[in-house]
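Visitor: Could you take me through one part of this protein up close? I'd like to look at a single strand and its partners, and then see what lies around it in the rest of the fold.

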Amino acid sequence: MGTVLVTAACMTGCGAKAESADLPKSMSALVKQAVKEGVVDWSAPKPQSQMQPAIDLFEKKYPGIEVKYTNTKAPDQVSQLRMEQAAGKVSVDVANAGGLTVGPSADMADDIDWSRYGVAKENVLDKGLVYIWAVPKVWAYNTEKVAPANVPKTWNDLLDPRWSGGKVAAESRASFLTAWDLDPSLGQTKALAWAKKFAARKPHYASNTTQTEASVESGEVSIGTSLINLVLEAKKKGVPVEVAPLSPTNANESYLYVPRGARHPAAAALLTSFLSSDPAQQALARTYNSRIPARTDCSHPDDTPVLAAICKANLKWYPTSTLADYNRLTNFFPKGEEALGTDIG
């Protein structure tokens, strides 16, 4: 709940308005300036091992530019950048934005004409944010705990009495309800009504999806909210988990941006544009961190492992298309927490 309050309070006007970078108008000039800077500090909420294949490709293509990577939780990064921009001492060159941190991140992002550097218009949100990867929210189940005939196929299937008494784990922050808001046939009113019924089944709540996924993997619970990359990583290790064919969900997009006041803005813009390119996307796909189509599209299901998995599960998904969508969801999640009974502390 604390994350929601901090984010909602800083949708606009967070931090000082640091100066925008004076970047070259051509890619060739950007590369020259980036090489002169020589380093780029990248911070995102992912293990470095998952980003390393793309980092290696970048450093091979642009020798002389070192990527320094830091694994930082998204809310912590927002707080850090807000203070650094106010102090005029920004330490992050490429930052990450996703979910509740998109609103405040958009306010701190430099306004860059990404088309100059080969980034497609459809992959840019609110001028400064570049869509790099998606981690769709899913429901995962333990294949040793749930018989094939009993696997939930709809959200209402989770209200069946058989799942009562802590057999289902859910993220207490209510962000797993995102798809209800994005699906025009559902909406917030229906979402809150469902959440109250779900709460009456006494689910097991955890503070984040990593914890709910862990409880599914261990067999502590039968079903739980998760992220597609967590399920795929577990399956790769032989853990008895699978994605439930339970729709709808959302693409859960993550963006990268260059904060105003970045010390190495050219190298930051170069790295961000590179991560949006096909070679980098192919490298990121191997660790389940590349883009997928914004809306349900299984015409080429084998393009990435993530897309293959959600298409195999027959999931329907929706994008968070605009900054207004993210702002609306920020106001919705506290209502969802109240309906779930997790709005405490």
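Guide: Let's begin with the strand, then go on to the salt bridges, one helix residue and the overall numbers. A quick note first: this is a predicted model, where local features need pLDDT of at least 70 and side-chain atom pairs count only at pLDDT 80 or more, while totals for chains, interfaces and linings use all residues. Residues are numbered from 1 along each chain as its sequence is written, and side-chain values use heavy atoms, with hydrogens and water left out.

The strand to look at is S5, residues 129-134. Strands here are DSSP runs of E with at least two residues, helices are runs of H or I with at least four, and both are numbered from the N terminus. Six of the six residues in S5 are buried, so the strand is largely enclosed by the rest of the structure. Buried means under 20% relative accessible area, exposed means over 50%, and partly exposed is in between, using a 1.4 Å probe and protein chains only.

Now for the partners of S5; two strands pair if DSSP finds at least two bridges between them. S4 (residues 124-125) runs antiparallel to S5, and two bridges join them. One residue pair to pick out is Leu125 with its bridge partner Leu129 in S5. The two strands form a hairpin with three residues between them, and Asp126 in the turn has a positive phi of about 50°. S5 also pairs with S12 (residues 253-257), again antiparallel, through four bridges. There, Trp133 has Ser254 in S12 as its bridge partner.

On to the charged side chains. The structure holds seven salt bridges, each being a side-chain nitrogen of Lys or Arg within 4 Å of a carboxyl oxygen of Asp or Glu. Asp113 and Arg116 make one of them, with the closest N and O atoms 3.6 Å apart. Asp113 is partly exposed at 39% relative accessible area, and Arg116 is partly exposed at 34%. Another links Arg162 to Asp160 at 3.5 Å, N to O; Arg162 is partly exposed at 39% and Asp160 is partly exposed at 30%. Then there's Lys235 with Glu242, where the closest N and O atoms are 3.0 Å apart. Lys235 counts as partly exposed at 33%, as does Glu242 at 22%. Asp181, Asp325 and Arg328 are joined into one network by salt bridges that share partners.

For a helix residue, try Thr209, which sits in H8 (residues 209-218). Thr209 counts as buried, at 12% relative accessibility. Leaving out residues up to four places away in sequence, Thr209 touches Glu171, Thr225, Ser226, Leu227 and Leu230, where contact means heavy atoms within 4.5 Å.

Zooming out, the protein has 13 helices and 13 strands, and 55% of its 345 residues count as buried. Its radius of gyration is 20 Å, which agrees with the value near 20 Å for a compact globule with 345 residues; that radius is taken over C-alpha atoms, and the globule rule is 2.2 Å times the number of residues to the power 0.38. The C-alpha trace spans about 65 × 40 × 35 Å along its principal axes. Among contacts between residues at least 6 apart in sequence, 78% join residues at least 24 apart. The protein exposes about 14700 Å², with carbon and sulfur atoms supplying 52% of it; accessible areas come from the Shrake-Rupley method with a 1.4 Å probe, and for residues only the protein chains shown count as cover.
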